[in-house]
Amino acid sequence: MPVPPRLRRLTTAALPVLAAVALTACNNAAYPNSIFHNHTEFNREVGTLFKILIYLGTAVFIFVEGLLLYVLFRYRRRSESDRPEHVHGNTTLEILWTAIPALILAFIAVPTVRTIFSTQAKARGDALQVEVIGHQWWWEFRYPQYKVTTADELYLPVGRTVNFSLKTQDVLHSFWVPQLGGKRDLITNHTNFLWFTPDSIGVAALNGMCVEYCGASHANMRFKTFTVTPAEFEQWAAHQASPAAYGAIAPAAPAGAAPATGAAPAATPAVATADTTKRGASVSAAPGAPAQVAADTGAAAATVQQAGYVSYPREKLPAWTIPKTPTPAGLTFNTALVGNADRGLKLLSTGQGGCVGCHMIAGNPVMMGVIGPNLTHVASRTTIAAGLYPNDAKHLALWIKNARMMKPGVIMPTLGKGQYDPVTKAVVPMGLTDEQIADIVAYLQALK
Ligand code: HEC
Ligand SMILES: [Cu+2]
């Protein structure tokens with residue numbers, strides 16, 4: 001039988017759609033938030049259940065719709081005088097159409113209940129513990145076994161089960177890394193749990209996000225997950241647990257840090273002033289060029305070498321992991337300014353800008369705040385402001401100058417002198433000058 005031209009046209013139209021759907025399932029770069037790349041047993045299990053349901057559902061759909069079309073066609077009205085026959089019940093049919101759906105439901109209940117039980121079960125005792133604390137609008141990650149506190153970037157060793165305990169500091173949030181599993185809510189005054197075992201290395205910078213509406217910047221509450229080798233993880237954790245890589249005045253052995261590696265932090269010397277100017281200069285000479293900053297050979301870089309793996313190498317980040325959020329119109333910064341890390345350190349340590357009230361920098365005894373993200377190793381992160389901007393000199397400067405224009409509703413105040421604060425609706429009279437901000441940025445960039 002020749003295919004009718006209309007059907008052929010329909011098929012031609014359907015093919016690209018099907019191809020697009022197939023691509024969604026395979027192309028990591030184009031669809032980094034796809035749930036079809038499974039990198040944990042959690043996601044595989046849910047994926048298997050999903051497939052069973054989709055295949056069965058499709059079969060039922062085709063059968064029912066086919067039957068419907070057949071009946072519509074077969075028993076259509078053929079003439080004006082046609083009258084439908086009256087039927088009064090059919091016991092066999094009624095039993096069948098009750099029994100078949102009941103059987104189908106019982107059949108899918110088995111894998112469904114099994115998956116619910118296995119994904120809600122308690123994590124194994126030797127799991128890596130990670131506390132996730134949701135804040136409006138950023139993520140705090142704590143690794144109690146390693147004495148690490150960081151923000152917006154998760155590092156997970158491959159092959160080890162990780163057990164998240166999920167809490168919130170304020171309103172409801174929800175934690176989700178599509179390629180790893182989830183999603184699970186962060187509920188006020190209640191701890192939720194979620195565990196899984198990442199099983200693939202090199203799937204760089206998996207996207208995570210808040211998936212429960214939580215206020216003005218809900219859509220700007222993202223994070224990244226790096227799945228690394230166990231050895232890299234131990235080194236990363238030891239480094240994160242160590243005091244600031246620059247300007248720490250009382251370097252102490254990181255209490256309770258992983259024993260195997262952590263040699264470097266304890267050996268970090270007090271900062272040599274000779275390196276200070278060099279470092280400050282080289283940092284600001286390359287605004288917006290993180291790779292160059294990473295390749296820098298200052299005092300901090302020497303520490304980095306000793307510690308081995310510190311963080312995911314910036315130059316290996318796939319292009320799609322670097323945020324392209326436009327900066328607010330009218331907010332500018334003189335990127336030609338050369339900052340000085342030592343001056344930046346002094347500005348922060350004398351309470352300029354009030355950073356001390358909100359941010360922690362271990363090794364800097366005045367920086368003890370816990371309202372904002374821990375900045376001890378802020379330069380080891382690839383983004384700032386919960387994944388909104390790349391972590392480079394330009395964006396750091398704009399952020400410090402006017403965080404509230406960079407991200408609607410943030411608690412961090414607008415700090416640039418003469419800047420308009422969109423929350424207080426007033427101009428900041430006594431804020432930081434661009435020169436001071438450049439110095440602070442140079443200091444922050446030394447905190448690898
Ligand atoms: C009132 C509290 C507060 C003050 C004061 C404050 N910050 Fe913040 N800061 C925050 C909060 C909250 C965030 C997280 C915002 C977000 O991502 O939603 C933040 C984010 C940051 C970030 C981005 C960190 C990251 O990993 O995303 C940097 C850098 C930063 N602040 C530097 C500073 C500096 C430098 C000062 C002082 C000049 C300062 N902050 C003053 C609360 C504050
Ligand atoms: Cu949220």
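**Exercise 1. Find which polar contacts hold W137, H359 and A385 against ligand 1.**

Start with W137: one of its backbone N or O atoms lies 3.3 Å from an oxygen atom of ligand 1. That counts as a polar contact, meaning a pair of N or O atoms within 3.5 Å. Next, take H359, where a polar side-chain atom is 2.7 Å from a nitrogen atom of ligand 1. Finally, look at A385: a polar backbone atom there lies 2.7 Å from an oxygen atom of ligand 1.

A quick note before you go on: this is a predicted model, where local features need pLDDT of at least 70, side-chain atom pairs count only at pLDDT 80 or more, and totals for chains, interfaces and linings use all residues. Residues are numbered from 1 along each chain as its sequence is written, chains are lettered from A and ligands numbered from 1 in the order in which they are written, and side-chain values use heavy atoms, leaving out hydrogens and water.

**Exercise 2. Describe the shell around ligand 1.**

Count first: 27 residues surround the ligand, and the closest are C355, C358, H359, A385 and M412. Here a residue is near if one of its heavy atoms lies within 4 Å. Now sort them: 20 are nonpolar, 4 polar and 3 charged. Then check the helices (DSSP runs of H or I, at least four residues; strands are runs of E, at least two). Both α10 (393–401) and α12 (434–446) supply at least two shell residues, and α10 gives the largest share, 3 residues. Last step, the domains, whose bounds come from an automatic or database assignment: domain 1 (128–241) and domain 2 (273–446) both give residues to the shell, so ligand 1 lies between them.

**Exercise 3. Work out what the pair W139 and F175 ties together.**

Begin with the whole structure, which has 16 aromatic pairs. Rings of Phe, Tyr and Trp (its six-membered ring) pair if their centres lie within 6.5 Å, and planes over 60 degrees apart count as edge-to-face. W139 and F175 are edge-to-face, at 5.8 Å centre to centre and 75° between the planes. W139 is in strand β2 (residues 138–143) and F175 in strand β6 (residues 173–177), so the pair ties together parts 36 residues apart in sequence.

**Exercise 4. Spot the unusual backbone.**

Recall the rule: most residues other than glycine have a negative phi, and most peptide bonds are trans. Now look at the bond from Q136 to W137: it's cis, with omega near 0°. W137 is in the loop between β1 (128–135) and β2. Then try N189, which isn't glycine but has a positive phi, near 60°. You'll find N189 in the loop between β7 (181–186) and β8 (192–196).

Methods:
A polar contact is a pair of N or O atoms within 3.5 Å; within protein, one must be able to donate a hydrogen and the other to accept it, and residues adjacent in sequence count only if both atoms are side-chain atoms. Ala, Val, Leu, Ile, Met, Phe, Trp, Tyr, Cys and Pro count as nonpolar, Asp, Glu, Lys and Arg as charged, and the others, Gly among them, as polar. Rings of Phe, Tyr and Trp (its six-membered ring) pair if their centres lie within 6.5 Å; planes under 30 degrees apart count as stacked, over 60 as edge-to-face and the rest as tilted.
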